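The following exercises ask the reader to examine a protein chain step by step. Each task is followed by a worked solution.

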Amino acid sequence: SSLLLSSSLSLLLPPPSTQLKAAFKDPAVIPALCAVMRGSQKPQSSLTLTPCLPLMHLRHFVRHSLSQLSAVLVKHESPERWPALLTVLNQSTKSPNPQDRQVGLLLLSKVVESNPEAFRPHYRQLLQLFDTVLQDVNNPTAMYYCILTLTTLTAYAGVAEQNLMRSLLPKLTISIKHLIKVDQDQAGEAMEILDELMESEVSPIIVPHISEIVHFCLEIGADNSLNDSIRVKALSCIASLIRLKNKAVLKQKLLSPILQMVFPVLSAAPPPGQEDLEDQEQDMDNEGDVESPKHFAAQVIDTLALHMPPEKLFQHILPQVQVCLSSENPYQKKAGVVCLAMLAEGCAGYIRRKMLPFMLRTVCHSLSDTSQVVRSAGLLALGQFSEHLQPDVSNYCADVMPLLLRYLAGLNQTMTVHVSKAFYALENFMENLGAEIEPYLPTLMETMLGTLSNAENLRIKELVVSAIGAIASAAKKLLVPYFPAVIENLKGFLLDIRDEVRCLQTQSLDTLSVLARNVGKETFSPLAAECVHLGLNLTNSVDDPDLRRSTYSLFSAVSTVSPECLNPHLGSITTAIMLTMKSTEGVTAHLEEEKQFVLLDDEEDDDLNLEEEEDIEGNDRDVSEFSVENAYVDEKESACEALGEIAFNTGAAFLPFMESGFQEVFALHDFPHEDVRRASFTVMGQFCRTWHKIWKENPTQENHQVLQNTLSVVLPSLLEAVRKDRDHNVVIAALESMNGVLKACQEEALQSEAMLAEISHVIRDVFKSKVGLCFRKEGEESLICAEYEAILQEFAGEGIPLLASAVPADTFYPYLNELLPFIMNKTKSSCTVAQRSFSLGMLAEIAHSLGLVSGGRAVAGRLSSRLLPVMVSGVRDRDPEVRNNSVFGLGALAQAAGPLLTDYPMLLSLFSSLLVKESDRRVIDNICGALCRMITSNAQCVPLDQVFPALLSHLPLKKDLEENKTVFGCLAFLYNHNPSLPLSEREITRSADTRNTFLLLLRDVAQHHPQEFQGAVLSLPPKQKATLTAAVAHL
């Protein structure tokens, strides 16, 4: 009961005295205080016990405080047992006095917010009341409290209330318009109800009014006379509608009106003498904290790209983009370029197929514009393209890299914000180039090293150090000639522990980690031990979450190069990492409202018994949400990932820390922040693979049992995350981790058929959109965009061939039979290229997996009548990637089914005609691989005198060098079984072209697959082995 006072007083009171705390432990104090408050004729007399409350006489504050008091009581006592409350609410909300109605609705909003479920029997009565209040346009305060209450009820309303709620929507928008005239802040808060209605499971409430709501939000978002916060709220509502009700937006033809409003906001010039936030050189650190209408207009474009069919979106948006780009106004040009940047992620597939040359040419042209705001937008767009349009955008390396290098050379380094954007574009483009970066490496490194030596600005040095990491990611061992100079520069930054250079020191650690992973073991190993000591010294001497994150990353990078350097220090390293994983630093628990009003602390409440303590610890109902500072999230995520990688790479040396490490990783699987949960699920799978590796190296019963125990915990946790987690990156991580476990542990992960069934059912449910993240009722939109849903299905689908390769084919067949239709449905010509490519690739991998397990031949033969037509159709597809996957699939099916596949003549004819007209070298390589699989699995059905010369004429392979193993295995098979074919040295030398082709093939195989090559040579009879050895000796 002491909450009656504590709720009103604690916001204003200083810490209470010992006497006061003692007084409040006397139960008699509560009735006495209530009597004082009820009977006093003077507001100040209610303060006789607490003279430090001079503000309580303010009537507005008193009303709010008493409403909060009531809310606290309702939290713990149902309104049915407090009839006086219901009487007060009924009388005041219907009073003819406007002031009384305001007070009554204020009280109603607080008590309903405190315990909405308790008012469920009164929902219909309340909705009828709201219908009246929302028409009282002369009492905006009453409307405001009414809308707050309705916002709370929306999440709890059911089908019984939907007709009443639907009828309120037109009145809601009118009420908010009136609120805007009086108090824009209150109007913005009232607009939260639109978000609640969109998220509501009773979706028919809002769908009939979507057009009205969109036009209402468009009107607010476009009104320059309103403050930014309410315009941002309106634009945010539009984005949410697009995300959650995209089908309705399309059906009601709202795409065009949305774009007609968004583009003027996006292209608006700032007031004279000012700049847009993102173009300002000052206060750059606060850029992410400020929300502007222009920023949210860009987010609307981004949301449209993620949730609308690209063909329809481009049909409406491209004309407006072209108008902007052709304008002489720099802010209109900027809007057009920013729009292209926002389209890159959501429409990636469509852009790569149809729009990339135009869009990339436009962006490159913007980099030479006279206006810096346009050039800045171009840098943003190029960075977005580099991030989302791979690998296609890297094909334009010869055009983009010289342009970027020239742009970089002409930069004014005092304009650090603009320089940062240039480095953002450069890094994103470079790190995916691979060996294509080689021609630009001398210029790049000369520029970077020269800037490090000459620049005085710490931010510029930080950008350069980061760029060197991106260069290393692409160049790998090509960077070795520059490695000594890079390390020499980094050393000075790594050892400087002054606070003002902390960002540069942290970035240097990150780049050092990238170098460790890319320049090669022989180059980096001499520095490994020194890096470990550096990391430990920094961890012990500097208390900074970003620096600790970087040191953990350095430890894990060193473990990939020289794990033995970590072994002597694993105790210190794991102690530091696990302290970070346990730490609650940076985590804030936000309590329910009554917990904000605490008069008495708990210093003297030491008489709680153990049972009560356990109840408090285990009961988090008073915690409404958690927030975590980003730096601590990143540190915890990095710690978790580092622990998993170090464990895997050090293996048996990590055994003393395996159990405690796994417990800490597992404890993070329900952490509030999604990035930490994602890392936890990834590393749980890594621990399974580590135990499997340890058991394989030391196959004791104890190690096997620990492996099984770990699997029995991890796999159910991963499956639960897929079913229930609401963040798509977490679900993807859980699926990816599960696939990694299946690939590494194989049959050990599926010791019980129940686990096989559960994994198969989860995969099925992902395809059926019946897991939590993408669950939807019939006719409703998913919570995630189609692009993300397709990604989830791809990761789930990758588990099918892994299951097929892990258990006998007869065991998996019933589950495979259920899953196949989901994949085959995505091979139709009406599906996207990405869907057709993925599904045919999965069918190919399934066929390949069946060829590896017992009973696979019979199952492959049984499935061939279903798979063959689909794959043959795919061979005729217009997209080379689809053709490539289909060709590989046919070869894998022929290899798996063997003589049970009777369509050899048709397949050989198909491949023969395809070889004549095919221009894509990867497809040609896979045709060679498919022919070799057909020969080795059923040579009797292949006319070798015709097929073999055709095969040789297309060797060696040019693109898909992985197929060299298949080709060389076939040649070894023919050496062994068909000595009459032109494979002897005598026959090879008769034709110079044939001999050269064959020798080139041998060279490629020997270079790229030396172990397989030697194995195949040793399998030959002595005479053929001698012939081949003599030929190889001349390579």
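**Exercise 1: The annotated repeats**

In this predicted model, the UniProt record, an unreviewed entry, places the feature "repeat: HEAT" at residues 714–753 and 867–903. Describe the secondary structure of each stretch and state how far apart its end C-alpha atoms are.

Solution. Step 1: take residues 714–753, where the chain is 75% helix and 0% strand. The end C-alpha atoms of this stretch are 16 Å apart. Step 2: take residues 867–903, where the chain is 73% helix and 0% strand. Here the end C-alpha atoms are 12 Å apart. Step 3: place the two stretches in the whole chain, which has 49 helices and 2 strands.

**Exercise 2: Confidence in the model**

Determine over which residues pLDDT stays under 50, and state how the model should be read there.

Solution. Step 1: begin with the chain as a whole, which averages a pLDDT of 84, with 82% of the residues scoring at least 70. Step 2: locate the stretches under 50, among them residues 283–288, with 5 contacts beyond four places in sequence. Another is residues 593–621, for which the model has 36 such contacts. Step 3: apply the general rule that predicted coordinates should not be read in detail where pLDDT is low.

**Exercise 3: One face of a helix**

Identify the buried residues of helix H7 and explain how they are arranged around its axis.

Solution. Step 1: list the buried residues of H7, which spans residues 123–133; they are Tyr123, Leu126, Leu127, Leu129, Phe130 and Val133. Step 2: look down the axis of H7; the buried residues fall within an arc of 160°, and therefore they line one face of the helix. Step 3: find what covers them; the cover includes helix H5 (83–93), helix H6 (98–114), helix H8 (140–154) and helix H9 (162–182).

**Exercise 4: The nonpolar cores**

Which residues touch the most other members of the largest nonpolar core, and which helix gives the most to this core?

Solution. Step 1: the largest nonpolar core has 311 residues, and Ile258, Leu343 and Phe524 touch the most other members. Step 2: helix H24 (residues 458–475) gives the most to this core, namely 11 residues. Step 3: apart from this core lies another, of 7 residues, including Phe968, Tyr975, Val1017 and Leu1020. Step 4: examine Phe524, whose contacts beyond four places in sequence are Phe483, Leu512, Leu515, Ala516, Val519, Cys531, Val558 and Val561. Step 5: relate the cores to a general tendency: in soluble globular proteins, nonpolar side chains tend to be buried together.

**Exercise 5: Two residues and their surroundings**

Are Leu840 and Glu963 buried or exposed, and which residues do they touch?

Solution. Step 1: locate Leu840 in helix H39 (residues 833–850). Leu840 counts as buried because its relative accessibility is 3%, below the cut-off of 20%. Step 2: beyond four places in sequence, Leu840 is in contact with Thr827, Val870, Met871, Gly874, Val882, Asn885 and Ser886. Step 3: compare sequence and space; Leu840 and Asn884 are 44 residues apart along the chain, while their C-alpha atoms are separated by 9.3 Å. Step 4: turn to Glu963, in the loop between helix H44 (944–953) and helix H45 (964–977). With a relative accessible area of 5%, Glu963 is buried as well. Step 5: beyond four places in sequence, Glu963 touches Phe888, Asp925, Asn926, Gly929, Arg933 and Leu957.

Methods:
Residues are numbered from 1 along each chain as its sequence is written. This is a predicted model: local features need pLDDT of at least 70, side-chain atom pairs count only at pLDDT 80 or more; totals for chains, interfaces and linings use all residues. Side-chain values use heavy atoms; hydrogens and water are left out. Helices (H or I, at least four residues) and strands (E, at least two) are DSSP runs, numbered from the N terminus. pLDDT is the predictor's confidence in each residue, from 0 to 100. Contact means heavy atoms within 4.5 Å. UniProt positions are given in the numbering used here, feature names are shortened, and annotations may be inferred rather than shown by experiment. Buried means under 20% relative accessible area, exposed over 50%, partly exposed in between (1.4 Å probe, protein chains only). The arc is that of the directions from the helix axis to the C-beta atoms. A nonpolar core is a set of buried Ala, Val, Leu, Ile, Met, Phe, Trp, Tyr and Cys residues joined through side-chain atoms within 4.5 Å.
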